[in-house]
Amino acid sequence: MTLTTPTQRAFALIALALGGFAIGSTEFVAMGLLPNIAEALLPAQYAADPAAGVAHAGWLVSAYALGVVVGAPTIAAISATFPRKGLILVLLVGFVVATVASAVLPNFGLVLVARFVAGLPHGAYFGIASIVAGEIMGPGKRGKGIAMVMLGLSIANVVGVPAITWIGQNAGWRIAYGVVSLLFALTFLAVAAFVPRSAADEHATIGRELRAFRSPQLWIVMGLGAVGFGGFFAVYSYISPLVQNVTGLPESAVPLVLVVVGLGMVVGGVLGGHLADHSVKRTIYIGMLALIGALLVTVFTAQWVWGVFLGAFLLGATSSAIPPAVQSRLMDVAGDARTIAAALNHSAFNIGNSLGAALGGAVIAAGFGFLAPAWLGIVLALLGLLVTMVSYGVERRTDRRASLRSSSPSTGPITAPVPTV
């Protein structure tokens, strides 16, 4: 990889971040359009019980997230030996096709399948793009490289998701997904033009990548992402009905709340990248505690206009501050399997996405109201904090045992010195 000038590096990073922008748009635009999608694809259920219809439409969120969970490790392992730029371009073609299918397929079942397929390239794109961005940034700046790619996703929540949500509310949700497909096509052109060729790891093999799953720590850290971030997605998946039914604002206010979430994500993403390069452990702990605090603010203030906007900003900031640190930790505990570890970060978060959306929809459908997902989110975030403590506790015990073994005296036979005559 040869980029000789700061301008070339900047354009390459922007091209990779544009992919994050498009992915953020396709992943999160459904959050603000669930009532519209439910009314269009589930008309009978929505007419009889709007809450149940919205909860049912939330399966689209879960389907996309499950696609990420399945696709991230599978594609990352199979493609570990592929040239990285070419693989990124192939993944972007997959995004275009699946997003167009989401826009044009005629019924809920087929759109559900299309959303699952659209999620398949998600984790592999972010994982591989993060590795390339880290190489572009240079040694000691891995967290900033990861944050740069993720910054595109954060900016999507400031500009892309609110704008496309507004388009969906006024021109139809199918048009919204059509716009997203154009973003992926634009990203393809930008990556092709500005990202340099990056050879694959010549030592990588499918077996080496899959051996990462033998590490208990890998599973524990994935559990942190899955459970902890389920708390954020339990609320964010149903932000539109919360704003309209709890705060009492009109539908037109939903894009404004999404802008505030996105602004929080930009701030949190930049801060999280810098903090992760200083201390991964401290960033995860502080971030999880801050996420719990943001959920508490939402629970107790969402009925007021100022409260829902404050909660939205804090949720966005805390949710995006932690991913660079979690991805760095996954790459550390996975050893040589960098590609699959970087992708698994997004599998973990999207297990949380699917879990949060499904459980949030369940408590709404059970009649607990549109604020119930925030209470559920607090429980899930507390579990995520517990998983973090377990991860570092296991690490301390492992390091202590290794230290004791290295410092213990030899147990072999002791031979007395032979006296000199």
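Modeller: Helices here are DSSP runs of at least four residues in state H or I, and strands are E runs of at least two, numbered from the N terminus. Keep in mind that the model is predicted.

Biologist: Fine. How many helices and strands does the protein have by that rule?

Modeller: There are 18 helices and zero strands.

Biologist: How much of the protein is buried?

Modeller: Of the 421 residues, 57% are buried. To earn that word, a residue needs a relative accessible area under 20%.

Biologist: And what share of the contacts joins residues 24 or more positions apart?

Modeller: Such pairs make up 84% of the contacts with a separation of 6 or more.

Biologist: Let's take the aromatics. How many aromatic pairs are there?

Modeller: The structure has ten of them. One is Phe232 with Phe233, whose ring centres are 5.0 Å apart.

Biologist: What makes Phe232 and Phe233 a pair, and why is it called edge-to-face?

Modeller: Centres have to lie within 6.5 Å, and edge-to-face needs planes over 60 degrees apart. These two rings have 5.0 Å between centres and 70 degrees between planes, so both tests are passed.

Biologist: Are Phe232 and Phe233 buried or exposed?

Modeller: Phe232 has a relative accessibility of 3%, so it is buried. Phe233, at 6%, is buried as well. Together with Tyr236, the two Phe residues form one aromatic cluster.

Biologist: What kind of pair do Trp304 and Trp306 form?

Modeller: A stacked one: the centres are 6.0 Å apart and the planes differ by 5 degrees. Stacked calls for under 30 degrees, so 5 degrees fits the name.

Biologist: How exposed are Trp304 and Trp306?

Modeller: Trp304 has 43% relative accessible area, which lies between the 20% and 50% limits, so it is partly exposed. Trp306 reaches 54%, over the 50% limit, and therefore counts as exposed.

Biologist: Where does Arg329 lie relative to Tyr392?

Modeller: Over the face of the Tyr392 ring, 4.1 Å from its centre. The distance limit for that is 6 Å, and Arg329 is within it at 4.1 Å.

Biologist: On to the helices. How do you know that helix 5 has the span expected for its 21 residues?

Modeller: At 1.5 Å a residue, residues 84-104 should span 30 Å, and the end C-alpha atoms are 31 Å apart, so the two values agree. Helix 14, residues 280-301, has 22 residues and reaches 31 Å, close to the expected 32 Å.

Biologist: What caps the N-terminal end of helix 14?

Modeller: Ser279 does, with a side-chain oxygen 3.1 Å from the backbone nitrogen of Arg282. A polar contact needs N or O atoms within 3.5 Å, so 3.1 Å qualifies on distance.

Biologist: Which residues of helix 14 are buried?

Modeller: Among them are Val280, Ile284, Met288, Leu291, Leu295 and Val299. In helix 5, the buried residues include Leu87, Ile88, Leu91, Leu92 and Phe95.

Biologist: Why would buried residues recur at such steps along a helix?

Modeller: An α-helix has 3.6 residues a turn, so residues three or four places apart point the same way.

Biologist: How many residues are in the largest nonpolar core, and which have the most contacts inside it?

Modeller: It has 112 residues, and Leu16, Ile88, Tyr125, Tyr236, Val243 and Ile284 have the most contacts inside it. Helix 1, residues 6-41, gives the largest share of this core, 16 residues.

Biologist: What does Tyr125 touch beyond its sequence neighbours?

Modeller: Its partners include Leu16, Ile23, Ile88, Leu92, Phe95 and Thr187.

Biologist: Now a polar one: why is Gln169 called buried?

Modeller: Its relative accessible area is 16%, and the limit is under 20%, so Gln169 is buried. Gln169 sits in helix 8 and touches Gly32, Leu33, Asn36, Glu251, Val254 and Pro255.

Biologist: What about Asn36: buried or exposed?

Modeller: Buried, because 17% is under the 20% limit. Asn36 is in helix 1, and beyond its sequence neighbours it contacts Gln169, Trp173 and Glu251.

Biologist: Last one: what makes Ala358 partly exposed?

Modeller: Its 40% relative accessibility lies between 20% and 50%, so that is the label. Ala358 is in helix 17, and its C-alpha is 9.5 Å from that of Phe233, 125 residues away in sequence.

Note on methods. Residues numbered from 1 in each chain as written. Predicted model: local features only at pLDDT ≥ 70, side-chain atom pairs only at ≥ 80, totals over all residues. Heavy atoms only, no water. Buried < 20%, exposed > 50% of the residue type's maximum accessible area, 1.4 Å probe, protein only. Lys NZ or Arg CZ within 6 Å of the ring centre and 35° of its normal. Expected span 1.5 Å × (residues − 1). Polar contact = N/O pair within 3.5 Å; in protein donor to acceptor, adjacent residues only side chain to side chain. Contact = heavy atoms within 4.5 Å. Core = buried A, V, L, I, M, F, W, Y, C linked by side-chain atoms within 4.5 Å.
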